[in-house]
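Dear colleague,

I am handing over the structure below, and I would be glad if you could look through it alongside my notes.

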Amino acid sequence: MILNNKMKIINIATTTFDDQKPGTSGLRKKVNVFQQSHYLENFVQSIFNVATELKGGLLILGGDGRYYNAHAIQIILKMAAANGVKQVMVGENGLLSTPAVSCLIRKYKAAGGIVLSASHNPGGVNGDFGIKFNIANGGPAPTSFTDATYEISKRLAEYQIADADDIPLDRQHSCQMGEMKIDVIDSVSDYADLMEQLFDFNKIRTMFTSGWLEMCFDAMHAVTGPYAREIFSKRLSANVDALINSIPLEDFGGGHPDPNLAHAKELVSRLNSGPGAPGFGAASDGDGDRNMIIGQNFFVNPSDSLAIMTANAHLLPGYKQGICGVARSLPTSRAVDKVAEVLGIDCYETPTGWKYFGNLLDDKRITLCGEESFGSGSDHIREKDGIWAVLFWLNLIAVKQQSVEEITREHWKKYGRHYYTRHDYEAIDSDAAEALMQNLRDQSNSLAENEYSGYKVLLSDDFSYTDPVDNSITENQGIRILFDDESRIVFRLSGTGTEGATLRVYIEKYETDASQHNLPVQTALTELIDIANSIAEIKSRCNRDQPDVIT
Ligand code: VG1
Ligand code: CO
C-alpha cells in the first residue's frame, strides 16, 4: 500500500478474462458481464498500462448515461488517481457524448478520453454496457492500441485503485482525489461553442423565429437531450415542441437508441402527420455520434447525406474554403464518389469504424467522412457527430431555402441516385455466420465474369485496406461484389453485437435516369437482394426467412 497525499492506493489481485477484445467501437458486453468482479477494472487497468501518456496527463471521462455509467465512473476515477493521472475532467451527471469527448480532448490537449457507452445498443440492467478509449487526437484508439490492451487483459496480475470516497457528479465543482484534480464540468458548453464556430447560427435562428421551418429532434432518451436543449432550444430558438425524448434515462425508456426508421417511430409519425407537421426531423443514438435526417414523408439515406454534404459544404461558414478530400467506409454507398469525381478531390474507401478515418483527417487528406450506419463527421473533431450533422442540414436548408426532399432530389438529378439498403440478420449462430463468410471468401476470387439475372460480376474480393499514412494493413473487412452496371453487394459480420453474430448485407444500385428515381427502395433492389441471398445462401445457412432489421 502506498500513501499518496494521504490517499491510500491499493493493489488488488485481478481476475483475467479472455473476452476483452474491443470490436468495431470499444468493448461491448451485457451489463451482467461487466458486473463480474474485477471485469471492468481488469479492462481499465489494461488501458492505463498501454496509454502510459495518461500518467501525469489529463483524462476526459463521461458516458451516455446508461445503467452502470455512474458506477463505472466512480471506479475509473479511483483507478485514474491510483495510476498517476494528473487531472480528470468528467461531465456533469457523468454525461458526455462521444463527439463532446473528442472535442474536449482536442480543446484541452488531454492525453486521452474514456467514453462509457454501448452506443446504439439497448441499455438498462438487462441491456448492454460498453467502454471505449480515445487517444490524444480525439479519435478512437487504433487497432494496434486495442490489440495491446486485449493482450494485457488476458494476463494482468493486479490493478491499482485509490481508497477514496465517491465524488458527487450532480453539480459542477472541482476537488482533489489525492494528488489528482477532478473537475466536474458542464457537459455541453464547449461542444456547443465549437458548433457555433462552424455554422451560421443567426441564419438558422431566423429560419426558426420567422416560422419558416419547424423541427423535431428525437434524443431517444439518450445523451443528446442536454445538448439539443442548449443548442436547438436556447441558442437557436427552435419551436417550443422541437425536442422529444430529451431526458436521458438509464434504460433509454426501454427503447433502442438507434436512429433509424424502425426505432425512431415517434419522430417518424410526427413528421408524417400531414398538414402542420414539422418540415425537418432528426434523431441521434445512445452516445450522440449518429444521426438520422428526415423530411415530411421523406427519408435521407445516410450515404446520400454524406454525398449531399460534400457537394454543398462550401456554402457553410466552417467549410467555405472547400473540402480537400472525403472518405467513406467500404459498405457505404458510392454516392459520395460521384461528387468527389466532379469536385476533383480524393475519395478514400476504408474499413468499417471511425478509427480508420483518424489518420486521413490528421494528415489533412480529407475534410468530411461518413458511414452508411447513420454516421457523418468532419475534421472539426475525430468522431462522427450526430448534432453536427443536424446543424449541417439546418444550415444548408437555411441557405438553400429548400426542403429536405427538394435538396435530395436535386442532388439525385445532378449526380444520379444510389438506391441503397442494408439487411441485418441479428443474433444468428456464430458458427453458421463464420461458415457463411468463409464460403463467400472461398468463392470470392472465382465470381468474376459470372452473370446473375443479367448482372455481370466485375470484381469480387475480401476487402483489405492499406492506410496511406502509416501503411498499416487491415484485412478481411468484408466481401464485396461489384457488378458491371456499378451495382454492389457487400457482406460482413458486425463487430458491435453482444449476442451470437449479426450478418450485415449491403446492397446498392446506381440509377442516372431521373424518371426512375421514385421507386420504393426494396423494389428497386429486388433482383440484387435475391442475388445476394443466392450467392451467400443466407436463408438456409442462417435459418431465417427475413432480415431482422432493414435500413
Ligand atoms: C456498427 C456500424 C459501423 C459503426 C459502428 C459504431 O459497426 O456498422 O459503421 O462505426 O457500429 O457505431 P458493426 O461492426 O456492428 O457493423 V456506434 O454509433 O455504435 O459507436
Ligand atoms: Co454511437
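What follows goes through the metal site, then a sheet, and then a hairpin.

Please keep in mind that this is a predicted model. The cobalt ion (ligand 2) has as its protein donors Ser 119 (OG), Asp 285 (OD), Asp 287 (OD) and Asp 289 (OD), which lie 1.9 to 2.1 Å from the ion. Along the chain, these donors follow the spacing S-x165-D-x1-D-x1-D. Ser 119 sits in the loop between strand E6 (112-116) and strand E7 (128-134), while Asp 289 sits in the loop between strand E13 (280-283) and strand E14 (292-295), so the pair ties together parts that are 170 residues apart in sequence. Ser 119 counts as buried, at 3% relative accessibility, and Asp 289 also counts as buried, at 2%.

Strands E13 and E14 belong to an open sheet of 5 strands with mixed pairing, in the order E12-E11-E13-E14-E15. Strand E12 (243-244) and strand E15 (298-300) stand at the edges with a single partner strand each, so one side of each is left without a neighbour in the sheet. E14 and E15 run antiparallel and are joined by 3 bridges, and Ile 294 has Phe 299 in E15 as its bridge partner.

Turning to the hairpin, strand E18 (residues 368-371) pairs with E19 in the antiparallel sense over 4 bridges, with Leu 368 opposite Ser 378 in E19. There are 3 residues between the two strands, and Phe 374 takes a positive phi near 65 degrees in this hairpin. Strand E19 (residues 375-378) is covered on both faces, with Gly 375 and Gly 377 buried on one side and Ser 376 and Ser 378 buried on the other.

With best wishes

Methods. Residues numbered from 1 in each chain as written. Chains lettered and ligands numbered in written order. Predicted model: local features only at pLDDT ≥ 70, side-chain atom pairs only at ≥ 80, totals over all residues. Heavy atoms only, no water. Donors = N, O, S within 2.8 Å, 3.2 Å for Na, K, Ca; no water. Buried < 20%, exposed > 50% of the residue type's maximum accessible area, 1.4 Å probe, protein only. Pairing = 2+ DSSP bridges.
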